[in-house]
Amino acid sequence: MCCLVKKAGKNGIELSTLGNKVYEKYEDFKISDYGYSQFNQYVKV
């Protein structure tokens, strides 16, 4: 995931796109269990 974010550079990446990529790798991950604000805190730099 870090490579994906670094590759996006200054333009960044949409949180929904990142959430989808996490889900692809970890199928049991449910963003609804965390909520947008908590997920946002996990990925904040």
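Contact here means heavy atoms within 4.5 Å. The model shown in these views is predicted.

**View 1. The whole protein chain, built from 4 helices and 0 strands.** Along the sequence, the pattern reads α-α-α-α. Taken along the principal axes, the C-alpha atoms fill a box of roughly 30 × 20 × 15 Å. The chain has 45 residues, of which 13% count as buried.

**View 2. The surface and charged side chains of the protein chain.** The accessible surface is about 4000 Å², and carbon and sulfur atoms account for 51% of that area. There are 7 positive and 5 negative side chains. The centres of these two sets are 13 Å apart.

**View 3. Buried residues of helix α2, which spans residues 15–25.** Leu-15, Leu-18, Gly-19 and Val-22 are buried in this helix. These residues lie on the same side of α2 because they cover an arc of only 100° around the axis. In an α-helix, residues three or four places apart point the same way, since there are 3.6 residues a turn.

**View 4. Ile-13 in the loop between α1 (2–8) and α2.** Ile-13 has a relative accessible area of 29%, so this residue is classed as partly exposed, between the limits of 20% for buried and 50% for exposed. With neighbours within four places in sequence left aside, Ile-13 is in contact with Leu-4, Val-5, Ala-8 and Leu-18. Of these partners, Leu-18 is also one of the buried residues of α2.

**View 5. Ile-13 and Glu-24, 11 residues apart along the chain.** The C-alpha atoms of Ile-13 and Glu-24 are separated by 16 Å.

Methods: Residues numbered from 1 in each chain as written. Predicted model: local features only at pLDDT ≥ 70, side-chain atom pairs only at ≥ 80, totals over all residues. Heavy atoms only, no water. Buried < 20%, exposed > 50% of the residue type's maximum accessible area, 1.4 Å probe, protein only. Helix = DSSP H or I, 4+ residues; strand = E, 2+ residues; numbered from the N terminus. Arc of directions from axis to C-beta. Areas by Shrake-Rupley, 256 points an atom, 1.4 Å probe, with all protein chains shown as cover. Lys, Arg positive; Asp, Glu negative; His and termini not counted. Charge placed at Lys NZ, Arg CZ, Asp CG, Glu CD.
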